[in-house]
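Reader: I should like to go through this protein by way of its fold, its pocket and its interior. Please begin with the term that the discussion of the pocket requires.

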Amino acid sequence: MTNLTDALLSPDLGSVSFTVERTTCRRAAGRLVSETESYPAVGCVHPAPPEALALTPGEEIHEEGILIYTAFPLTAGENEIPESAPSGMGATVRPTCFGADRVHVRGAVWRVVRVRPWTDFGFCAALALRQS
């Protein structure tokens, strides 16, 4: 396996520090409880080429996007049902869910819409769209 950590940390290749905001939801005592946590991260951040945005289903092509290469495990959001979940559990009842990560970098907030894990190389590549 090739280790690309040095490249991800190189300012010459666009490495910057950023904050990842992650919201998780879970059921507790019959209610949905959400919690948001912030994590420091580092990686290379570059403007997304137009073809990356055109391939994003359901998103507007005119949106501004960035590509993020980082060892931090970013997520575009997911629902999890543990094996111990009762059978017949409907799509609206999830024991745990993760909202899409929000990345705070260079004074803007970006929502992760697609993640490609490159675990063999120790990082992931993510497409994020500008929120503010």
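Author: A pocket is an open set of grid points where a 1.4 Å probe fits, with protein on both sides within 12 Å along at least five of seven lines. The model discussed here is a predicted one.

Reader: What is the volume of the largest pocket, and which residues lie nearest its centre?

Author: The largest pocket has a volume of about 180 Å³. Its lining consists of 12 residues. Those that lie nearest the centre are L67, Y69, R114, R116 and A125.

Reader: Which elements give two or more residues to the lining of the largest pocket?

Author: The elements that meet this condition are all strands. They are strand 3 (65-70), strand 7 (108-118) and strand 8 (123-130).

Reader: How many residues of each class does the lining of the largest pocket have?

Author: No polar residue is found in the lining. The charged residues number 2, and the nonpolar residues number 10.

Reader: How many helices and strands does the protein hold, and what pattern do they follow?

Author: The protein has 2 helices and 8 strands. Read along the sequence, these elements give the pattern α-β-β-α-β-β-β-β-β-β.

Reader: Of contacts between residues at least 6 apart in sequence, what share joins residues at least 24 apart?

Author: Contact here means heavy atoms within 4.5 Å. Among the contacts between residues at least 6 apart in sequence, the share that joins residues at least 24 apart is 57%.

Reader: Which residues have the most contacts inside the largest nonpolar core?

Author: Buried residues make up 32% of the 132 residues in the protein, and the largest nonpolar core has 17 residues. Strand 1 (15-28), strand 2 (31-47), strand 3, strand 6 (102-105), strand 7 and strand 8 each give two or more residues to this core. The residues with the most contacts inside the core are F18, I68, L74, V103 and V105.

Reader: Which residues is F18 in contact with, leaving aside its neighbours within four places in sequence?

Author: Two of the residues already named for the core, I68 and V103, are among the partners of F18. The full set is Y39, P40, A41, V42, G43, V45, I68, T70, V103, H104 and V105.

Reader: How many residues does the other core have?

Author: This core lies apart from the one that holds F18. Among its members are A48, L67, V113 and L129. The number of its residues is 7.

Reader: Is F72 buried or exposed?

Author: F72 lies in the loop between strand 3 and strand 4 (78-80). Leaving aside its neighbours within four places in sequence, F72 is in contact with V20, R22, Y39, P40, A41, D101 and C124. Because its relative accessible area is 15%, under the 20% limit, F72 is buried.

Reader: What distance separates the C-alpha atoms of T75 and V112?

Author: T75 also has its place in the loop between strand 3 and strand 4, and at 10% relative accessibility it counts as buried. V112 is one of the residues in contact with T75. T75 and V112 are 37 residues apart along the chain, and their C-alpha atoms are separated by 6.8 Å.

Reader: Is R106 buried or exposed?

Author: R106 is found in the loop between strand 6 and strand 7. Its phi is near 50°, a positive value in a residue other than glycine. Since its relative accessible area is 59%, over the 50% limit, R106 is exposed.

Reader: How many disulfides does the structure hold?

Author: C44 is buried, with a relative accessible area of 6%, and C124 is buried with a value of 6%. A disulfide requires cysteine sulfur atoms within 2.5 Å. The number of disulfides in the structure is 0.

Conventions:
Residues are numbered from 1 along each chain as its sequence is written. This is a predicted model: local features need pLDDT of at least 70, side-chain atom pairs count only at pLDDT 80 or more; totals for chains, interfaces and linings use all residues. Side-chain values use heavy atoms; hydrogens and water are left out. On a 1 Å grid over the protein atoms alone, a cavity is a set of points where a 1.4 Å probe fits but cannot get out, and a pocket is an open set with protein on both sides within 12 Å along at least five of seven lines; lining residues have an atom within 4 Å of a point. Grid points are joined across faces, edges and corners, and a volume is the space filled by probe spheres set on the points. Helices (H or I, at least four residues) and strands (E, at least two) are DSSP runs, numbered from the N terminus. Ala, Val, Leu, Ile, Met, Phe, Trp, Tyr, Cys and Pro count as nonpolar, Asp, Glu, Lys and Arg as charged, and the others, Gly among them, as polar. Buried means under 20% relative accessible area, exposed over 50%, partly exposed in between (1.4 Å probe, protein chains only). A nonpolar core is a set of buried Ala, Val, Leu, Ile, Met, Phe, Trp, Tyr and Cys residues joined through side-chain atoms within 4.5 Å.
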